[in-house]
Amino acid sequence: MTGNDILVEVRDLKVHFPIRRGVLFDRTVGHVKAVDGVDLSIPRGKTYGLVGESGCGKSTLGRALLQLTPPTGGEVNFDGTELTTLPAGKLRTMRRRMQMIFQDPMSSLDPRQNVESILTEGLQTHGIGGNRDERRRIIGETLDAVGLPRWALSRYPHEFSGGQRQRIGIARALVLGPELIVADEPVSALDVSIQAQVVNLLDELQDSLGLTYLVIAHDLAVVRHISDTVGVMYLGALVEEAPSDRLYTEPLHPYTRALMSAVPVPDPDVEDNRERILLSGDLPSPANPPSGCRFHTRCPWAQPTRCADERPALRDIGGSRVACHWAEPIASGELRPHQVRPQLTRPADEGEDPSVVSAPTEPGSYV
Ligand SMILES: Nc1ncnc2c1ncn2[C@@H]1O[C@H](COP(=O)(O)OP(=O)(O)OP(=O)(O)O)[C@@H](O)[C@H]1O
């Protein structure tokens, strides 16, 4: 097995949810294009971090990858098997190898089941562990792996802290011996002090068990340290994908640059002088995405040509994949962001906060 052995390959994946209206006769009046043409691959034993703001389609992509939400189009290949056309019975068998960890362990764990029952359920469903002793052995090893004591078995989810509950969630996935784990916001419901422990646990488990991860997070800091590759999503599509270090040190897509510029830096001197990129407007609706580049309505570098009418493909630029027509002149500084004018949000005599500025929305020019 090599680092380039691809475990998961996603091609042109689409998930379009129908928008239905009508009381007597249901009719489809449009579609929410939650995922709209995503290509990505994850080598075995590696971590792919997926980031982007709320509503950009991260969770839907994770669920579609595991076929928990049926894709509308595209392909998902898992270890050589195409999942989108797999008969239901075979897909159920395959599920053991692909597990999910959720954001809020409290809502994903049944409060009426104790830990032993939670962990036994999956083993029984998949016919793992021939008898009670064998199942107990597997469960005991899994508890050790996630750092939970044996007495946890007889306890219920509400008797644990948030961090311990997430360990139960991880144990529930792990007990089946999966190869791929999709972790959807695995630490965002936890106290900051606990987040690092859970991230470290995921890291250790990957090392000891050779797991492959898709880690979904809106927080760039969470994925940075555990990801080998990071993909940035905007309105259902990847806008940039790069090796983790490179993405953070050399973001190329204007949206990635804006996300990075919002992350505070601990060094006060750097913090005072760092570039901050303001995005104008809200995230457009995935039911009615902008034409051309979906980011052009908020992009500080948007140009009068191409951006509004030509959807940029993800293309290779020195080891990153970037979906921007103007990535090279932006990176070189030849193309500059539109100036952020101090434009007050309310008339001056209404007691406004003069520090509040908004970026202009009209496209600028090549300078
Ligand atoms: N079952 C569904 N039916 C209709 N629309 C849906 C469904 N699930 C998600 N969506 C819509 O798809 C879009 C993407 O949602 P998704 O939850 O995948 O985004 P996300 O990036 O994971 O956001 P968050 O971090 O808030 O979960 C959103 O506009 C959401 O409202």
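Two strands count as paired here if DSSP finds at least two bridges between them, and with that in mind the tour of this predicted model can start at a single bridge: select Val15 and then Val35 in β2, which is its bridge partner.

**The hairpin of β1 and β2**

Widen the selection to strand β1, residues 6-21, and to β2, and you will have two strands that run antiparallel and are joined by 13 bridges. Between the strands of this hairpin lie five residues, and in the hairpin Gly22 is the residue to pick out, since it takes a positive phi near 115°.

**The four-stranded sheet**

Now add β4 and β5 to the selection, which completes an open sheet of four strands in the order β2-β1-β4-β5, with antiparallel pairing. The edges of this sheet are formed by β2 and by β5 (81-82), each of which pairs on one side only. Moving inwards, β1 is joined to β4 by five bridges, the two strands running antiparallel, and a good place to look is Glu9, which stands opposite Asn77 in β4. The pairing of β4 with β5 is likewise in the antiparallel sense and extends over two bridges; here Phe78 can be selected together with Thr81 in β5, which it stands opposite. Helix α1 packs on this sheet, touching β1, β2 and β4, and its direction makes about 115° with that of β1.

**The ligand and its shell**

With α1 still displayed, show the ligand and the 13 residues around it, of which Phe17, Ala34, Ser54, Ser59 and Thr60 come nearest. Two elements, β2 (27-43) and α1 (58-65), give two or more residues to this shell, and the largest share, three residues, comes from α1. If you colour the shell by residue character, you will find five nonpolar residues, seven polar ones and one charged one.

**Two residues with positive phi**

Most residues other than glycine have a negative phi. Against that background, follow the chain from α1 into the loop that leads to β4 (73-78), where Gln67 is placed; the phi of Gln67 is near 65°, a positive value in a residue other than glycine. Is Gln67 buried, exposed or partly exposed? It has 18 C-beta neighbours inside 10 Å and therefore counts as partly exposed.

The next selection is Glu185, in the loop between β7 and α7 (192-209), which also is not a glycine and has a positive phi of about 50°. Glu185 has 21 other C-beta atoms within 10 Å, and so it is buried.

**The eight-stranded sheet**

From Glu185, step back to β7 and display the whole sheet to which this strand belongs: it is open, has eight strands in the order β6-β7-β8-β3-β9-β10-β12-β11, and shows mixed pairing. At its edges stand β6 (98-101) and β11, each with a single partner strand, so that one side of each is left without a neighbour in the sheet. Viewed from one strand to the next, the twist averages 20°. Helix α6, residues 162-174, packs on this sheet, where it touches β6 and β7 (180-184), and its direction makes about 170° with that of β6.

Further along the order, select strand β10 (residues 237-243) and strand β12 (residues 320-322), which pair in the antiparallel sense over two bridges. Within this pair, Glu240 stands opposite Val322 in β12.

**A loop and a long distance**

Next, go to the loop between α11 (268-273) and β11 (315-317), which is the place of Thr305. This residue has 11 C-beta neighbours inside 10 Å and therefore counts as exposed. Draw a distance from the C-alpha atom of Thr305 to that of Thr93: the two residues are 212 residues apart along the chain, and the atoms are separated by 50 Å.

**The whole chain**

Finally, zoom out to the complete protein chain, which contains 12 helices and 12 strands. Its radius of gyration is 23 Å, close to the 21 Å that the globule rule gives for 367 residues, so the chain is as compact as a globular protein of that length. Along its principal axes the C-alpha trace spans about 70 × 50 × 50 Å. Of the 367 residues, 37% count as buried, and among the contacts with a separation of 6 or more, 64% are accounted for by residues 24 or more positions apart.

Note on methods
Residues numbered from 1 in each chain as written. Predicted model: local features only at pLDDT ≥ 70, side-chain atom pairs only at ≥ 80, totals over all residues. Rg over C-alpha atoms; globule rule 2.2 N^0.38 Å. Buried ≥ 20, exposed ≤ 12 C-beta atoms within 10 Å, placed from the backbone. Contact = placed C-beta atoms within 7 Å. Axes fitted to C-alpha atoms, helices over the stretch in contact; angles between N-to-C directions. Near = placed C-beta within 6 Å. Nonpolar A, V, L, I, M, F, W, Y, C, P; charged D, E, K, R; others polar.
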